[in-house]
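Student: I am new to this structure and would like a close look at one part of it. Could you take me through its pockets, and what surrounds them?

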Amino acid sequence: MKNGPLALLFHALFMAFLVAPMLVVCVVAFTPEGYLALPTHGVSLRWFRRLVEYPEFLSAFRTSLLIAAASSVTAVVFATPAALAIARHRFPGRDALSALFLAPLMIPHVVLGIAFLRFFSSVGLSGTLLGLIVSHVVVIFPFALRMVLAGANGMDRRIEDAALSLGASRATVVRRVMLPLILPGIASGFALSFIQSFDEVTMTVFIASPSTTTLPVMMFNYIQDSIDPLICAVSTLMIVLTVLFMIVVHKFYGLERLFVGETRA
């Protein structure tokens with residue numbers, strides 16, 4: 001049976017398998033020890049207070065937010081007309097264009113990092129914020145395109161035809177009919193692109209500079225020199241911020257609308 005006790009047990013174990021690593025990180029962040037240890041002997045905020053001594057983490061966090069926001073907005077802006085063209089029209093080269101847009105999914109990020117490093121060095125964008133944003137747009141564009149494309153494929157064109165027959169202009173139809181209909185796809189594309197951009201480290205480590213270091217790259221560089229619970233404290237704060245963000249999104253917009261497209265009851 002689909003909803004039998006074995007199915008419930010399987011789903012419970014699967015969720016525990018996914019959540020357990022995050023719980024371990026959060027527990028270790030409160031250890032008073034000077035090394036990674038579990039179980040811990042007591043509870044301490046020592047490593048959260050140590051974050052004050054590392055303003056580089058806060059600066060890297062702001063840089064990651066800026067890059068993720070700028071690249072996600074740019075990716076969605078370009079992905080929306082591309083998705084509408086692919087979903088609504090049949091033209092020569094359509095399949096080739098779709099494959100080109102999705103090509104970054106098939107290229108290892110190490111290869112992309114080396115390629116962008118060589119390209120940005122030749123055009124004078126190496127280590128710049130603009131270079132990081134451009135490279136992130138290329139990497140996250142397929143995610144934005146696929147989500148917007150899913151929304152565009154599910155759009156009922158009869159609604160658009162009805163608006164045109166009632167005298168609405170093409171611009172009005174786009175603004176008042178098409179965009180609201182694919183808004184869940186746009187919103188989910190932005191959310192997924194933002195997450196991918198914020199977490200990107202493999203490619204970014206090649207093209208980031210000391211002044212444009214993102215938080216994942218900062219964490220990667222930190223654990224190369226020392227392994228202590230400080231990195232767990234940073235990860236715990238990120239988990240808490242993510243959970244709070246999802247709660248706010250669910251409160252004002254609805255997670256089911258964001259990822260499924262359903263209307264809240």
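Tutor: Here is a walk through the pockets, followed by one helix that helps to line them and by the salt bridges.

Please keep in mind that this is a predicted model. Let's begin with the largest pocket, which holds about 830 Å³ of space. Its lining is made up of 25 residues, and those closest to the centre are Ile195, Phe198, Asp199, Met238 and Thr242. You can find these five in the structure to get your bearings.

Next, look at which elements build the wall. Two or more lining residues come from each of helix H1 (5-28), H3, helix H9 (183-199), helix H11 (215-225), helix H12 (230-252) and helix H13 (255-259). Among these, H12 gives the most, with 8 residues. As for the kinds of residue, the lining of the largest pocket has 22 nonpolar, 2 polar and 1 charged.

Now move to the second largest pocket, whose volume is about 250 Å³. Its lining consists of Leu51, Tyr54, Phe57, Leu58, Phe61, Leu215, Val234, Leu237, Met238, Val240 and Leu241. Here H3 and H12 each supply at least two residues, and H12 again gives the most, this time 5. By class, this lining has 11 nonpolar residues, with no polar and no charged ones. Did you spot Met238? This residue is listed among those closest to the centre of the largest pocket, and Met238 also lines the second largest pocket.

Helix H3 deserves a look of its own, since H3 contributes to the lining of the largest pocket and to that of the second largest. H3 covers residues 55-88, which makes 34 residues. From its first C-alpha to its last, H3 reaches 49 Å, close to the 50 Å expected at 1.5 Å a residue. Along the way there is a kink of about 25° at Ala79, shortly before the proline Pro81.

To finish, turn from the pockets to charged pairs. Side chains of opposite charge can pair when their charged atoms come close. The structure holds 2 salt bridges. In one of them, the side chains of Arg50 and Glu53 meet, at 3.3 Å from N to O. Glu53 counts as exposed because its relative accessibility is 54%, and exposed means over 50%. The other salt bridge joins Arg94 to Asp95, with the closest N and O atoms 3.6 Å apart. Asp95, at 60% relative accessibility, is therefore also counted as exposed.

Notes. Residues numbered from 1 in each chain as written. Predicted model: local features only at pLDDT ≥ 70, side-chain atom pairs only at ≥ 80, totals over all residues. Heavy atoms only, no water. Helix = DSSP H or I, 4+ residues; strand = E, 2+ residues; numbered from the N terminus. Expected span 1.5 Å × (residues − 1). Bend = angle between axes of the 7 residues up to and from the residue. 1 Å grid on protein atoms, 1.4 Å probe; cavity = no way out; pocket = protein on both sides within 12 Å on 5 of 7 lines; lining within 4 Å. Points joined across faces, edges and corners; volume = space filled by probe spheres on them. Nonpolar A, V, L, I, M, F, W, Y, C, P; charged D, E, K, R; others polar. Salt bridge = Lys/Arg side-chain N within 4 Å of Asp/Glu carboxyl O. Buried < 20%, exposed > 50% of the residue type's maximum accessible area, 1.4 Å probe, protein only.
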